[in-house]
Amino acid sequence: MVPGKPKTLKRNNRKVILEYLRTSGETTVAEISADIGLSKTTVMKILDYYVKKKIVLPAGKGLSTDEGGKKPELFKFNGTYKYVLAIHIFPTEVFAAVTDLTLSIIRSRSLMNRENETAEALVRSEEHTSELQSHSFISYAVFCLKKKTY
C-alpha cells in the first residue's frame with residue numbers, strides 16, 4: 001500500500017487519534033488538532049465516527065479561554081468498550097486475566113501446575129478461561145498456544 005492513498009490516510013489518522021485519546025484522558029478537538037497536526041474538521045469527523053461506534057465518549061464541556069467564548073466539547077476514550085482475555089502458560093502455572101482497553105485488570109485467575117500434568121492443565125485453563133469470559137461479558141475468545149522456540 002502507498003501511504004498517500006486517501007483510504008490509508010483515513011485509517012492512519014483514525015489510529016493516531018484513537019491512540020492519542022487512549023493516552024491523554026479528556027481532551028478537546030482543538031487540543032487534538034494542535035498536537036497531532038490535523039485540521040479541526042478532520043479531527044471532528046474522526047471523533048464523530050468513533051462516538052457513533054461508542055469507542056469514544058463525549059465527556060462534557062471544558063473551560064472557556066480567558067477571552068470567554070463557547071466552552072469546548074470534551075471527548076474521552078471508552079476503556080470499557082471491549083475487553084481483552086489474556087492467558088499465559090508457564091511451566092508451573094497458568095495465568096489468565098481479563099482487562100479493559102486501558103489494560104486495567106478486571107479479573108484474574110492463576111492455577112498452579114503439578115509436574116508432568118501439561119494436558120490436564122490445558123483443559124483446566126480452558127475451563128477457567130470460559131469462567132472468566134462469562135463473568136466479564138466477553139462474547140468471543142480465542143484459546144491458542146504458541147510453542148516457544150529457543
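Throughout these legends, buried means under 20% relative accessible area, exposed means over 50%, and partly exposed is in between (1.4 Å probe, protein chains only). The model is a predicted one, in which local features need pLDDT of at least 70 and side-chain atom pairs count only at pLDDT 80 or more, while totals for chains, interfaces and linings use all residues. Residues are numbered from 1 along each chain as its sequence is written, and side-chain values use heavy atoms, with hydrogens and water left out.

**View 1. The whole chain has four helices and six strands.** Helices (H or I, at least four residues) and strands (E, at least two) are DSSP runs, numbered from the N terminus. Reading from the N terminus, the elements go α-β-α-α-β-β-β-β-β-α. The chain has 150 residues, and 29% of them are buried. Taking contact to mean heavy atoms within 4.5 Å, residues 24 or more positions apart account for 33% of the contacts with a separation of 6 or more.

**View 2. Val94 sits in strand S5.** Val94 is buried, at a relative accessible area of 4%. Look for Asn113 as well: it is 19 residues from Val94 along the chain, and the two C-alpha atoms are separated by 7.3 Å.

**View 3. Tyr49 and Tyr50 make an edge-to-face aromatic pair.** Rings of Phe, Tyr and Trp (its six-membered ring) pair if their centres lie within 6.5 Å; planes under 30 degrees apart count as stacked, over 60 as edge-to-face and the rest as tilted. That rule gives one aromatic pair. In this pair, Tyr49 and Tyr50 are 5.2 Å apart centre to centre, with 65 degrees between the planes. How accessible is each ring's residue? Tyr49 is partly exposed, with a relative accessible area of 29%, whereas Tyr50 is buried at 7%. Tyr49 has another partner in this view: Arg14 lies over its face, 3.4 Å from the ring centre. For that label, NZ of Lys or CZ of Arg has to be within 6 Å of the ring centre and within 35 degrees of the ring normal.

**View 4. Arg22 and Glu19 form a salt bridge in their helix.** A salt bridge here is a side-chain nitrogen of Lys or Arg within 4 Å of a carboxyl oxygen of Asp or Glu, and the whole structure has two of them. In this one, the closest N and O atoms of Arg22 and Glu19 are 2.9 Å apart. The two residues are three residues apart in helix H1 (residues 6-24), so about one helical turn separates them. Both ends are partly exposed: Arg22 has 36% relative accessibility, and Glu19 has a relative accessible area of 38%.

**View 5. Lys61 and Glu73 form a salt bridge between two strands.** The N to O distance between these side chains is 3.4 Å. Lys61 is in strand S2 (residues 56-61) and Glu73 in strand S3 (residues 73-77), so the pair ties together parts that are twelve residues apart in sequence. Glu73 is partly exposed, at 30% relative accessible area. Ala30, in helix H2 (residues 29-36), is another residue to find here. Ala30 is 43 residues from Glu73 in sequence, and 9.6 Å away from C-alpha to C-alpha. Ala30 is partly exposed, with 39% relative accessibility.

**View 6. Asp100 is buried but has no salt bridge.** Asp100 belongs to strand S5 (residues 93-100). Counting Lys and Arg as positive and Asp and Glu as negative, with His and the chain ends not counted, the nearest side chain of opposite charge is Arg22, 8.3 Å away. What does the side chain of Asp100 make a polar contact with? It pairs with the side chain of Thr102, at 2.6 Å. (A polar contact is a pair of N or O atoms within 3.5 Å; within protein, one must be able to donate a hydrogen and the other to accept it, and residues adjacent in sequence count only if both atoms are side-chain atoms.) Leaving aside residues up to four places away in sequence, Asp100 touches Gly79, Thr80, Lys82, Tyr83 and Ile106.

**View 7. Lys54 and Leu103 have positive phi values.** Lys54 is not a glycine, yet its phi is about 70 degrees. It is in the loop between helix H3 (40-52) and S2, and it is exposed, with a relative accessible area of 53%. Leu103, also a residue other than glycine, has a phi near 70 degrees. Its loop runs between S5 and strand S6 (105-112), and Leu103 is exposed at 61% relative accessibility.
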